[in-house]
Each structure stands twice: as structure tokens, then as C-alpha cells.
Amino acid sequence: MQLSISGQHMDITDALRGHVADKVEKITRHFDHVTRTHVVLQVEKTRHMAEATVNTKGATLHAAATAGDMYAAIDSMAEKLDRQVIKHKEKLTDHHRGDESLKQPPDRGDG
């Protein structure tokens with residue numbers, strides 16, 4: 001998986017880069033078809049924003065979060081992405097049971 005982190009109006013420190021990498025790793029543990037993740041961190045006065053775009057097999061997921069602290073914003077954004085990834089993974093799984101059709105009544109053996 002390719003991870004890119006950029007910052008607007010701020011420098012990306014090693015601590016921030018490591019925190020983002022840990023949170024994105026949690027997402028890839030739930031769904032291993034993530035190909036690329038782009039995270040943008042920005043600061044406007046006292047508002048810290050984190051947004052991410054995750055490219056997966058079959059979908060592009062996006063989440064953004066705002067908080068008073070950059071680490072809290074990253075945590076909130078990661079939780080939103082995690083929920084989206086789990087929901088996308090559930091949509092991909094086939095919930096049908098073999099060849100049985102829902103429209104055909106079951107065989108009762110009456111006759």
C-alpha cells in the first residue's frame with residue numbers, strides 16, 4: 001500500500017507521520033485490498049483538520065475530521081475511515097447460500 005501525507009500551513013513531523021501510519025495500518029488490517037492512501041493535514045488558527053482519501057479495489061473512500069488537537073483529528077478521521085472500510089468489505093462478501101433461491105418454496109415432501 002502506498003501512503004502519502006501532506007500538510008497545509010504546517011510541517012509534518014516524524015511523530016505525526018508515525019501516528020498517521022499507525023492509524024492507516026489498522027485500516028489495512030480490516031481490509032487488505034487498499035492500494036493507495038492520501039492524507040492531508042491542515043491548520044487554520046485553532047482548528048486542526050485531517051482528511052484522507054483511500055483507494056481500494058472497487059471504491060474510493062473519503063473521510064474528514066476537525067478537532068482542537070491534530071492527534072484527535074487524526075483519530076476521528078481514522079475511525080470514520082475504518083467504519084467505511086468495514087461497510088465496503090461487507091458489501092463485497094456474498095451472503096447467498098449456495099444454489100437455493102429465495103423465490104422457490106422449499107420442498108415439503110408431501111407427495
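Reader: Against which strands and which helix do the buried residues of helix 1 pack?

Author: In this predicted model, the buried residues of helix 1 pack against strand 1 (2-8), strand 2 (34-44) and helix 2 (70-92).

Reader: Which residues of helix 1 are buried, and where do they fall when seen down the helix axis?

Author: The buried residues of helix 1 are Leu16, His19, Val20, Val24 and Ile27. Viewed down the axis, they fall within an arc of 125 degrees, so they line one face of helix 1. Asp14 and Arg29, on the other side of helix 1, are exposed.

Reader: What span should helix 1 have, given 1.5 Å a residue?

Author: Helix 1 comprises 17 residues (residues 14-30), which should span 24 Å at 1.5 Å a residue. Its end C-alpha atoms are 25 Å apart, in agreement with that expectation.

Reader: How should the sheet be read, and what is its strand order?

Author: As a general idea, strands of a sheet pair through backbone hydrogen bonds, in either a parallel or an antiparallel manner. Here, four strands form an open sheet in the order 1-2-3-4, and the pairing is mixed. Strand 1 and strand 4 (59-67) stand at the edges; each has a single partner strand, so one side of each lacks a neighbour in the sheet. From one strand to the next, the twist averages 10 degrees.

Reader: Do strand 2 and strand 3 run parallel or antiparallel, and how many bridges join them?

Author: Strand 2 and strand 3 (residues 47-56) run antiparallel and are joined by ten bridges. Gln42, for instance, has Met49 in strand 3 as its bridge partner.

Reader: Which strands does each helix touch where it packs on the sheet?

Author: Helix 1 touches strand 1 and strand 2, and its direction makes about 140 degrees with that of strand 2. Helix 2 touches strand 2, strand 3 and strand 4, and its direction makes about 150 degrees with that of strand 4.

Reader: How many residues has the largest nonpolar core, and which have the most contacts inside it?

Author: In soluble globular proteins, nonpolar side chains tend to be buried together. In this model the largest nonpolar core has 23 residues, and those with the most contacts inside it are Val20, Val39, Leu41, Ile74, Met77 and Leu81. Two or more residues are given to this core by each of helix 1, strand 2, strand 3, strand 4 and helix 2. Helix 2 supplies the largest share, six residues.

Reader: Leaving aside neighbours within four places in sequence, which residues is Val20 in contact with?

Author: With those neighbours set aside, Val20 is in contact with Ile5, Val39, Leu41 and Ile74. Val20 is also among the buried residues of helix 1.

Conventions: Residues are numbered from 1 along each chain as its sequence is written. This is a predicted model: local features need pLDDT of at least 70, side-chain atom pairs count only at pLDDT 80 or more; totals for chains, interfaces and linings use all residues. Side-chain values use heavy atoms; hydrogens and water are left out. The expected span of a helix is 1.5 Å times one less than its number of residues. Buried means under 20% relative accessible area, exposed over 50%, partly exposed in between (1.4 Å probe, protein chains only). The arc is that of the directions from the helix axis to the C-beta atoms. Contact means heavy atoms within 4.5 Å. Two strands pair if DSSP finds at least two bridges between them. Axes are lines fitted to C-alpha atoms, for helices over the stretch in contact, and angles run from 0 to 180 degrees between N-to-C directions. A nonpolar core is a set of buried Ala, Val, Leu, Ile, Met, Phe, Trp, Tyr and Cys residues joined through side-chain atoms within 4.5 Å.
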